[in-house]
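Colleague: Hey, could you walk me through this one? I'd like to hear about the holes and then the helix packing.

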Amino acid sequence: MKQGQVILMILLVFNLWGCQEKVTKEDLNKFVATETYPNDVFLDTVGNKRALVVVAHDDDDCAMSGTIAKLTAKGWNIQQLSLQSHILAKTGKNPADIICTGNELILEDGYYRIGLDTIKSPYLPIPYTKIKEQFLTKKVSDALIKKVNDFKPSVIFTLDNEKGGYGHPEHIFISQLMKNLFEEGKIEIQRIYQSVYTDHMEKEIIDKWLSERMKKWGYPNASDIANKMYGISGMPAPTTQIGISEVADTKMRYLMAYEEDVRKNLRKFIPYYEEFDAKTYFGIFSKEYFRVIEKPNR
């Protein structure tokens, strides 16, 4: 290829890049919740300021990381527990150190799902009955009961147990397990806070924006599969909201700390977060939403 042709191709690439539409603050507004829920007051009244974040994968707390950072700044002692964890190459640590005291694996050997190494797409939904068959429930339960009761938290943060955000079986497994242990009185806590999106957020981010991208990339839409498989219309509705704009810098630093292989997944659920400064982005997405499960009467 002649030098002139190479230069022309470079100019064309830069021209096409420059013509791409830049994402604006107005573009983000379509993803923001239109619903309003009661502001949480319970967490400000808790005397035992200890909490656990219990998730399948350490980055599953991305939509509640502002709340975790906010509570930590207020003096809470918060630990993250997960089935899978990412260690940063540069620091040798987990990003959870940024928003709480850090991450700890639930199981030392990491073995919690039968045949995980042979499952082509472990994120795709499977029937609830298959979740019971495929996961090592007793092994994980025993480990969690000990860790939770040794730590003595008042609150546990996790994902919802019905859809697990978008249908990931591992999300549903760990969240349902925590709910079961709570309702059976096997762990001593006061409430579970399940991180969820509002109906509008789920519709615009998951059902539309992400669905179009998954189709373009040639991947099945796990959220749509989950809705049909479980006979639901989406995640459970929130019961409370928590403002997080004052910890915008900390939340952004946490999200940006992950390696590229994780951040490419975070982009699917937190649209364009890397294209804005923290104050701007979390001034728009200024709240996080939870379904709160209270202590059952027995």
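Modeller: Sure, we'll start with the open pockets, then go inside, then look at helices.

Modeller: This is a predicted model, where local features need pLDDT of at least 70 and side-chain atom pairs count only at pLDDT 80 or more, while totals for chains, interfaces and linings use all residues. Residues are numbered from 1 along each chain as its sequence is written, and side-chain values use heavy atoms, leaving out hydrogens and water.

Colleague: What volume does the largest pocket have?

Modeller: About 900 Å³, counting the space filled by probe spheres set on grid points joined across faces, edges and corners. A pocket here is an open set of points on a 1 Å grid with protein on both sides within 12 Å along at least five of seven lines, and a lining residue has an atom within 4 Å of a point.

Colleague: Which residues lie nearest the centre of the largest pocket?

Modeller: Tyr-166, His-168, His-171, Asn-265 and Phe-269, out of 34 that line the largest pocket. Helix α11 supplies the largest share of that lining, seven residues. Among the other elements giving two or more are α7 (169-183), β5 (191-196) and α8 (199-217). Those names come from DSSP runs numbered from the N terminus: helices are H or I with at least four residues, strands are E with at least two.

Colleague: And how does the lining of the largest pocket split by class?

Modeller: It has 17 nonpolar, 11 polar and six charged residues. Nonpolar covers Ala, Val, Leu, Ile, Met, Phe, Trp, Tyr, Cys and Pro; charged covers Asp, Glu, Lys and Arg; the others, including Gly, are polar.

Colleague: How much space lies in the second largest pocket?

Modeller: About 330 Å³. Thirteen residues line the second largest pocket, and Lys-132, Thr-137, Gln-176, Leu-177 and Asn-180 lie nearest its centre. Helix α7 gives the most to this lining, six residues. By class, the second largest pocket's lining divides into six nonpolar, four polar and three charged.

Colleague: Now the inside. How many cavities of 30 Å³ or more are there?

Modeller: Two. A cavity is a set of grid points where a 1.4 Å probe fits but cannot get out. The largest cavity holds about 170 Å³ of space. Of its 16 lining residues, Ala-63, Tyr-197, Met-201, Lys-251 and Phe-285 are the closest to its centre.

Colleague: Which element gives the largest share of that cavity's lining?

Modeller: Strand β7, with three residues. By class, the lining of the largest cavity has 13 nonpolar, no polar and three charged residues.

Colleague: Okay, helices. At what angle do α8 and α11 pack?

Modeller: About 130°, with their axes 9 Å apart. Axes are lines fitted to C-alpha atoms, for helices over the stretch in contact, and angles run from 0 to 180 degrees between N-to-C directions. So α8 and α11 are oblique to each other: under 35 degrees is roughly parallel, over 145 roughly antiparallel, 65 to 115 roughly perpendicular, and the rest oblique. The contact (heavy atoms within 4.5 Å) involves Ile-205, Ile-206, Trp-209, Leu-210 and Trp-217 of α8 with Arg-267, Lys-268 and Phe-269 of α11. Those residues divide into six nonpolar, no polar and two charged.

Colleague: And α3 with α10, how do their axes cross?

Modeller: At roughly 125°, coming within 9 Å. That makes α3 oblique to α10. Ser-65, Gly-66 and Ala-69 of α3 meet Thr-250, Lys-251, Tyr-254 and Leu-255 of α10.
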